[in-house]
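Colleague: I am new to this one. Can we go through the labels and what stands behind them?

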Amino acid sequence: MRETVYTGCRVFTGNAAAPWGQSVSVLGGRIRAVGSAGDAGTASSPDADVVDLGGRLVVPGFVDAHNHYLATAEALTSVDLRYPGVGSIDDLVDAIAKRAGETPTDCWIRGFGMDYAKYPDARPTRWDLDRATADHPVIAYHVSGHYALVNSAALAQRGIDENAASPPGGEFVRDGDGRLTGLCLDAATNLILPVAVDVGSHGPNFHTEADLADLIGQLDQGGRAYQAAGLTTVCDPQVTSRELRAYREALAAGVLHVRVTCMPLSHGIPDFRAVGLAGPFGSDALRIGGMKFYADGSLIGGTAAFNEPYGEHGEFRGSLYWPPGELSSLVREGHEAGWQIGIHAQGDRAIQMSLDAIGGALGTHPRDDARPRIEHAGYPTPDQIRQMRDLGVITINQPSYLYDSGDEFIVRLGDRAHRLQPIRAELDDGVRVVLSSDAFVASYRPLDTIVAAVERRTMAGTPIGADQALTAAEAILAHTIEAARAVRMDDLVGSIEPGKLADFVVLDGDPFAADRGGLRAVGVHRTVQGGRTVWPAEAAGAPPAARTA
Ligand SMILES: [Zn+2]
C-alpha cells in the first residue's frame, strides 16, 4: 500500500477545528494527514508518491443529499426537453418527432425537463404530441418530475379514456369541453406510466418499467458525469425496489461510481419492518439511509401547498398527498421503526404539517440526534424557522430552482418569491442548512448549485431574495460536511480530516476570491475518491507527477 501526498495546494478542509491546510496525505483510501506549507512531515514513508497541484484549491468531495441519481442517469439518455433548448410547443413537437424517427414503432419515447411555463404560447396538450407521432406512446416529464404530458397513443395503451376519474392526490387535466388534455398531475402519473412499482399515493411515480441492463448502463454513464462534476456521494431521496435493485446490480458490476445512500419511499415501511430493517444500513459504497415522505406537490408546477393562494390570478393553493393526521401517523410509524425522517414540503401549509408530524413523532418517541429533514423547505415562515431549530430539522435546499424558475416564481408569488429558501434567515436562527441539486429537476453540478446560492439571481438576472445569499465558504460547507451530516455519513465523508475516506476535489479557479461572474467560471480540475483519481480519465491512469527519493 503506497502513500500519496498532494502538495502545492490550499486545502479547505470543511473541518471547523482546522479549516485550512496546504497538503493532504492519503494512505489506503483514507486521509492520513492534512499538513501545512511545504510540510514534508505529512509523508509517513520516504517512497510516497507526491502530486503537485500547482497552487490549486482543494475542497471535500461534494455530497448531494437530494439527487435522484437513477432518474438523472435515465434523463441523460432520454429526449432533452429542457429550456432554453426547447422553448415553445413547436420545439417540443420537433424534439419528440426527431426521436420518433429513430425509434421502432410502439416503443415508448420519454423526454425529461419540459418547462412549459417558459413557452410564449399556451400549455402543450396531447394533440400537440400527436403531431409529433401517432405511432409511439410518448411521455414528456415536466421539469418538476411531478407531472407528465402524454399523447393519445399513450392514453390508449394504458386504457385511459374520457371517462377516467382523477385518482386521490392527482388529476387528469381536462379542457373546457371536459376532454383529457394529456396532462397528468402528481398521483395521476401513476396511472399513465407502465410503472415497475406501485407506490400508491405516497409520491409521484417516475419508477417506470425499464430493462435492468439499460439502467445499469445509464448508471455507469451518469456516475462518470457526476465524478467529472466533483460529486463523490449522493443520496437518492426516493428509492423503491426498482432503484435499489439497479444500484445493487451496478455495484456488483463495478460501475456504481459514486457512493449512494438510498432513502426508501414511505410505501415501503411495512416491508422493511417485517424484516427488521431501518437505516443507516450498508457500506460506504451503497447504503440505506432515511425514509422519504411527501406532504405537498411542486413549486414549479403550482401544487405546492401554501396558506395564501398564489399564481398570477391567485389560482394555486396547492395539493396535499395526505390529510394532516394521516401524514402524522405515517411519519410516527416510520420514526418508531427507527428511520430518520425526510419530508418533502414546499409551501408553508405543507411545512407546518411536516413540522407537526416530526414534533409529534419525537414527542411520543424521543430520540437523540434524530436529524429530521425537510426536503426543499420552499417557503417556511419566520415562526416555522424557529420550530425547525427547536426540533433539530435540517433543511435540504435547491437554490438552482431560483435560477431556473425564479422569474416565474416572482410572477406567481410576488414578494413571497424573495422569501423562498430563506437560507440566511435559517442560518441566523440556528437551523442546519444543506444545499443540494434535486437532479434531474435541476443541474446535478454542485458548482452550479453553489453559484445559485451565492448569487441569488434568476435566469433573467433579477435578484431573488438577495439578502438570503450565502458566502462561497458557507455554500461549500452546505454541499459537503453539512450534506454528509444530513445523510448520516459525516463520520466517513464531507470533510478532509485524518481517518475519513479520501474523497476530495481539486478546483480550477478560486470560489473564495471570485467576483460575480468569475464564480460561474470555476471548474473541476480533478476528482479523487477513496484515494484514487477518478476524473479526469487521463490523470486516473497516469503515473504521479513526481516521487520523493
Ligand atoms: Zn426530489
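Modeller: Start with a caution: this is a predicted model. Take D369, in the loop between α10 and β19 (373-376).

Colleague: Why is D369 called exposed?

Modeller: D369 has 8 C-beta neighbours inside 10 Å. A residue with 12 or fewer counts as exposed. Therefore D369 is exposed. Its phi is near 55°, a positive value in a residue other than glycine.

Colleague: Where does R488 lie, and what is its phi?

Modeller: R488 sits in the loop between α16 (481-486) and β22 (504-508). Phi of R488 is near 55°, positive although the residue is not glycine.

Colleague: What makes R488 partly exposed?

Modeller: R488 has 18 C-beta neighbours inside 10 Å. Buried needs 20 or more, and exposed needs 12 or fewer. The value 18 falls in between, so R488 counts as partly exposed.

Colleague: How do you know that R287 is buried?

Modeller: R287 has 20 other C-beta atoms within 10 Å. The cut-off is 20 or more, so R287 is buried. R287 belongs to strand β16 (residues 286-288).

Colleague: Which residues is R287 in contact with, leaving aside its neighbours within four places in sequence?

Modeller: They are T261, G279, P280, F281 and G282. The C-alpha atom of R287 is also 9.4 Å from that of L244, and these two are 43 residues apart along the chain.

Colleague: What kind of peptide bond runs from G279 to P280?

Modeller: It is cis, with omega near -5°. P280 lies in the loop between α8 (269-275) and β15 (281-282). Another cis peptide bond joins A439 and F440, with omega about 15°. F440 is in the loop between β21 (432-435) and α14.

Colleague: Now the helices. Why is α1 called mostly covered?

Modeller: Helix α1 spans residues 69-76, and 7 of its 8 residues are buried. The buried ones are Y69, L70, A71, T72, A73, E74 and A75. Their cover includes β8 (109-114), α6 (212-228), β13 (231-239), α7 (241-252) and β14 (259-264).

Colleague: What makes α1 and α6 roughly perpendicular?

Modeller: Their angle is about 95°, with the axes 8 Å apart. Roughly perpendicular covers 65 to 115 degrees, so α1 and α6 qualify. In this packing, Y69, L70, T72, A73, E74 and L76 of α1 meet L215, Q218, L219, Q221, G222 and A225 of α6. By class, the contact has 7 nonpolar, 4 polar and 1 charged residues.

Colleague: Why is α9 called oblique to α10?

Modeller: Helix α9 (residues 324-336) and helix α10 (residues 348-364) pack at about 40°, with their axes 8 Å apart. Roughly parallel needs an angle under 35 degrees, and roughly perpendicular starts at 65. The angle fits neither, so α9 is oblique to α10. Their crossing is right-handed. The contact has 7 nonpolar, 4 polar and 2 charged residues.

Colleague: How do you know that α12 and α14 are roughly perpendicular?

Modeller: The axes of α12 (residues 400-413) and α14 (residues 446-455) cross at roughly 65° and come within 6 Å. The perpendicular range runs from 65 to 115 degrees, so α12 and α14 are called roughly perpendicular. S400, L402 and Y403 of α12 make the contact with D448, T449 and A452 of α14.

Colleague: And the domains. How far apart are the C-alpha centres of domain 1 and domain 2?

Modeller: They lie 45 Å apart. Domain 1 is 4-60 + 499-547, and domain 2 is 71-192.

Technical notes
Residues are numbered from 1 along each chain as its sequence is written. This is a predicted model: local features need pLDDT of at least 70, side-chain atom pairs count only at pLDDT 80 or more; totals for chains, interfaces and linings use all residues. Domain bounds come from an automatic or database domain assignment. Axes are lines fitted to C-alpha atoms, for helices over the stretch in contact, and angles run from 0 to 180 degrees between N-to-C directions. Helices (H or I, at least four residues) and strands (E, at least two) are DSSP runs, numbered from the N terminus. Angles under 35 degrees count as roughly parallel, over 145 as roughly antiparallel, 65 to 115 as roughly perpendicular and the rest as oblique. A crossing is left-handed if the near helix is turned anticlockwise from the far one by less than a right angle, and right-handed if clockwise. Ala, Val, Leu, Ile, Met, Phe, Trp, Tyr, Cys and Pro count as nonpolar, Asp, Glu, Lys and Arg as charged, and the others, Gly among them, as polar. Two residues are in contact if their C-beta atoms, placed from the backbone, lie within 7 Å.
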